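Trainee: I've got a model open and I'd like to learn how to read it. Can you walk me through it, feature by feature?

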Amino acid sequence: MRVDFYQLTRDPAELVLPALARATLAAGERMLVVSDDAGQLGRISSALWTRVADSFLAHGMGGGAHDARQPILLGADMQPSNGARYCAIADGQWREADGMTRVFLLFPPERIDDARQTWRLLGTREGVDRRYWRQNGGKWVEGP
């Protein structure tokens with residue numbers, strides 16, 4: 001499993017997620033977006049409809065009758081009922097991601113200690129490839 005740590009210093013998760021979701025769909029994958037904050041999920045939903053120029057990213061809120069059909073599913077738990085193997089954890093709170101191929105952990109500056117602890121925890125696990133991304137102006141840069 002690959003885990004990409006995204007430190008959000010300029011933009012909140014709802015502005016970053018549409019680009020990650022578009023890249024996920026372009027790779028032929030489905031995405032699960034997880035957050036305990038219902039307001040944040042609502043803002044992410046709005047951004048998925050409007051943030052990407054000339055298109056929208058079809059998605060749905062988890063718990064509906066058509067979860068399995070959603071290319072992007074938003075919810076509060078790690079239940080990929082849409083068959084997703086890619087997951088974006090939007091609230092910065094790590095959750096075990098069994099069965100996922102790739103996880104995007106988006107965290108704001110106030111959750112940096114939690115992210116560091118998660119980095120160390122995942123470093124002890126075999127088969128986990130960790131990557132760190134930070135915002136540099138309007139671009140994402142990999143590395144410390």
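**Reading the sheet, the core and the rings**

Mentor: Start with a pair of strands: strand 1 and strand 6 run parallel and are joined by 6 bridges. Keep in mind that this is a predicted model.

Trainee: Which residue of strand 6 is the bridge partner of Asp-4?

Mentor: Asp-4 has Phe-104 as its bridge partner there. Strand 6 also pairs with strand 5, again in the parallel sense, over 4 bridges. In that pairing, Cys-87 stands opposite Val-103 of strand 6.

Trainee: And what does Cys-87 pair with in strand 2?

Mentor: Its bridge partner is Leu-32. Strand 2 (residues 31–34) and strand 5 (residues 86–89) are parallel as well, with 4 bridges between them.

Trainee: In what order do the strands of the sheet come?

Mentor: The order is 3-4-2-5-6-1-7-8, an open sheet of 8 strands with mixed pairing. Strand 3 (60–61) and strand 8 (139–142) are at the edges; each has a single partner strand, so one side of each lacks a neighbour in the sheet.

Trainee: Which strands does helix 1 lie across?

Mentor: Helix 1 (residues 13–26) lies across strand 1 (2–7), strand 2, strand 4 (72–75), strand 5, strand 6 (102–107), strand 7 (129–136) and strand 8. Its direction is at about 165° to strand 6. Helix 2 (residues 38–50) packs on the sheet too, where it touches strand 2, strand 3 and strand 4, and makes about 160° with the direction of strand 4.

Trainee: How do I check the length of a helix, say helix 1?

Mentor: Use the rise of 1.5 Å a residue: the 14 residues of helix 1 should span 20 Å, and the end C-alpha atoms are 20 Å apart, which agrees. Just after the helix, look at Gly-28, which has a positive phi near 80°.

Trainee: Which residues of helix 1 are buried?

Mentor: First the general idea: an α-helix has 3.6 residues a turn, so residues three or four places apart point the same way. Now the case here: the buried residues of helix 1 are Ala-13, Glu-14, Val-16, Leu-17, Pro-18, Leu-20, Ala-21 and Thr-24.

Trainee: What should I look for in a core, and which residues touch the most other members here?

Mentor: In soluble globular proteins, nonpolar side chains tend to be buried together. Here the largest nonpolar core has 21 residues, and Leu-17, Leu-20, Met-31, Val-33, Ile-72, Phe-104 and Leu-106 touch the most other members. Two or more residues come from each of helix 1, strand 2, helix 2, strand 4, strand 5 and strand 6. Helix 1 gives the most, with 5 residues. Take Leu-17 as an example: beyond its neighbours up to four places away in sequence, it touches Met-31, Val-33, Ile-44, Ala-88, Ala-90 and Leu-106. Apart from this core lies another, of 18 residues, including Phe-5, Leu-73, Val-103 and Leu-105.

Trainee: Which way do the residues of strand 6 point?

Mentor: Arg-102, Phe-104 and Leu-106 point one way, while Val-103, Leu-105 and Phe-107 point the other way. Strand 6 is mostly covered, with 6 of its 6 residues buried.

Trainee: How do I read an aromatic pair?

Mentor: A pair of aromatic rings is described by the distance of the centres and the angle of the planes. A search of the whole structure gives 5 aromatic pairs. One of them, Tyr-6 and Phe-104, is tilted, at 6.2 Å centre to centre with 55° between the planes. Tyr-6 is in strand 1 and Phe-104 in strand 6, so this pair ties together parts 98 residues apart in sequence. Tyr-6 counts as buried at 7% relative accessibility, and Phe-104 counts as buried at 3%.

Trainee: What about Tyr-6 and Trp-140: how are their rings arranged?

Mentor: The centres are 4.9 Å apart and the planes at 75°, so that pair is edge-to-face. Trp-140 lies in strand 8 and Tyr-6 in strand 1, so the pair ties together parts that are 134 residues apart in sequence. Trp-140 counts as partly exposed because its relative accessibility is 27%. Ring pairs link Tyr-6, Tyr-86, Phe-104, Trp-133 and Trp-140 into a cluster.

Technical notes. Residues numbered from 1 in each chain as written. Predicted model: local features only at pLDDT ≥ 70, side-chain atom pairs only at ≥ 80, totals over all residues. Heavy atoms only, no water. Pairing = 2+ DSSP bridges. Contact = heavy atoms within 4.5 Å. Axes fitted to C-alpha atoms, helices over the stretch in contact; angles between N-to-C directions. Core = buried A, V, L, I, M, F, W, Y, C linked by side-chain atoms within 4.5 Å. Buried < 20%, exposed > 50% of the residue type's maximum accessible area, 1.4 Å probe, protein only. Expected span 1.5 Å × (residues − 1). Phe/Tyr/Trp six-rings, centres within 6.5 Å; stacked < 30°, edge-to-face > 60°.
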